[in-house]
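Got your viewer open? Let's take a walk through this one together, one selection at a time.

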Amino acid sequence: EFVAYDQDADGELFTTSEKAGLRLKLNIPLDKSQPAHSILGNKKRHVLFSMFLPEKQPKPGWLGGRMRAASSQYSESNCITVPLPGAAPLCAVVATKSVKEGEEIIQAMQPLKPSVMDELKGSVAKEYRRELATLQMYIEAACETVQQSSSPSDSSSEQQQQQQQQQQQLGPFHQLNQQYPGLKRIHQDPDIYSIDNFLTNEECDRLIAKSQPHLVPCLVKNDKTGIAEQDPVRTSTNTNVPQSEVPSIVEKMTNVANCCADQLEILQVLNYKKGQEFIPHTDGFSGKFDACGFEQASRQATIFCYLNDVAEGGSTNFPEIGLAIQPKKGTAVIHFPADLELREDTRTLHQGAPAVDEKWLLTTWVWNRPRSDEMYAESRLPPLSSGDII
């Protein structure tokens, strides 16, 4: 809960901060790697405040602008706030000593040495990289909106040039089988392909029937507790599909993607009912990482197939490039979340818009290396209906 304003343009509106509901002027360091740097980098003009909303009732575990800072009265602090890499001014609250249940959280105001702060930010970035990737998307979207509504500053122009240069340097990308029947490019730079009738009507219907009894909420592992929890960014239900039950579909995927079957992530069928969605996200990260049974590897291509026609809602939107795809039964869509140098292409940011009519989807990802973790072996997947081989 932050508000930033330009003193030259908006200063009169904020001369009395109490009227605006502002609590505390913040001094959060923002280097040029932070999306907010372009609109908050000039500290002489731009001011950042923490919001204090009187009507918001305190809730257990909620800190917002209500966390106390160490002072003469509260000299014993037990935490420090760390600007989140890529998502500042949002901060992590990091405990500096053990905190008992029910004990008040008190923030230390003494700044850390730069080397210690960098080490702490590095630890946060490593442990919470997925959460940070989601937060960064929101920060970037907010900053982009501000930049579009105001005249670009020198720093914002510089940042845009850097982003353009980075995007121009991306590539090469994973090569598809350009001879595959029906393959067509629907967007160039970044390249996005589609194939009508990639799956037959019968394959779509049988796959839905096979998957429906086994649907469960989409889960993600809580890094702190180790417990699988409802995915906050994807509210649909899903089930894993063993390759042995859909060999004809696997053959199509490996043929068009120029890959081996063990380079495919475990196949998933997803079901979106009214109101369910997948918020804006990218499918990859820069560099190597361990996930989904792949070790020190990276996703190279995304393949998803619509299993039913959807008249209203549920479109797949790529906001960075202004592309929207309405689900059509049997159609496959392919895009590339990272290049062969393992650099993420953020232009492939996409979302599954909230469903109005029910939507069914089959999806997988092509990695640059074979799946190697035995815990994710195909043989370990529970069967859906082994008597019905597609």
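What follows is a short tour of a sheet, the helices on it and some aromatic rings.

Before you click anything, keep in mind that this is a predicted model.

**Stop 1: the sheet.** Start by colouring the strands. Eight of them form an open sheet, and in order you'll pass E8, E9, E21, E18, E23, E14, E13 and E10. The pairing here is antiparallel. Now pick out E8 (183–187) and E10 (216–217): they stand at the edges with a single partner strand each, so one side of each has no neighbour in the sheet.

Stay with E10 for a moment. How many bridges join E10 to E13? Two, with E13 covering residues 237–241 and the two strands running antiparallel. Select Pro 217 and look across: Thr 237 in E13 stands opposite.

**Stop 2: the helices on the sheet.** Show residues 201–211, and you have helix H6, which packs on the sheet. H6 touches E13, E14 (267–272), E18 (299–306) and E23 (359–367), and its direction makes about 105° with that of E13. Next, bring up helix H7, residues 247–257. H7 lies across E8, E9 (192–195), E14, E18, E21 (332–335) and E23, running at about 50° to E23.

**Stop 3: aromatic rings.** Switch on the side chains of Phe, Tyr and Trp. The count of aromatic pairs comes to seven. One of them is Phe 173 with Phe 336, a tilted pair at 6.2 Å centre to centre, with 45° between the planes. This pair links distant parts of the chain, 163 residues apart: Phe 173 is in the loop between helix H5 (154–169) and E8, while Phe 336 is in the loop between E21 and E22 (350–352). Are these two rings buried or exposed? Both Phe 173 and Phe 336 are buried.

Now zoom to Phe 294 and Trp 367. Their rings are stacked, 4.3 Å centre to centre and 0° between the planes. Phe 294 belongs to strand E17 (residues 294–297) and Trp 367 to E23, with their positions 73 residues apart in the chain. Phe 294 is buried, and Trp 367 is too. Add Phe 285 and Phe 289 to your selection, and you'll have the four members of one aromatic cluster.

**Stop 4: charges over rings.** Select Arg 299 and Trp 365: the charged end of Arg 299 sits over the Trp 365 ring, 4.1 Å from its centre. Then try Lys 359, whose charged end sits over the ring of Tyr 272, 4.5 Å from the ring's centre.

How values were computed
Residues are numbered from 1 along each chain as its sequence is written. This is a predicted model: local features need pLDDT of at least 70, side-chain atom pairs count only at pLDDT 80 or more; totals for chains, interfaces and linings use all residues. Side-chain values use heavy atoms; hydrogens and water are left out. Two strands pair if DSSP finds at least two bridges between them. Helices (H or I, at least four residues) and strands (E, at least two) are DSSP runs, numbered from the N terminus. Contact means heavy atoms within 4.5 Å. Axes are lines fitted to C-alpha atoms, for helices over the stretch in contact, and angles run from 0 to 180 degrees between N-to-C directions. Rings of Phe, Tyr and Trp (its six-membered ring) pair if their centres lie within 6.5 Å; planes under 30 degrees apart count as stacked, over 60 as edge-to-face and the rest as tilted. Buried means under 20% relative accessible area, exposed over 50%, partly exposed in between (1.4 Å probe, protein chains only). A charge sits over a ring if NZ of Lys or CZ of Arg is within 6 Å of the ring centre and within 35 degrees of the ring normal.
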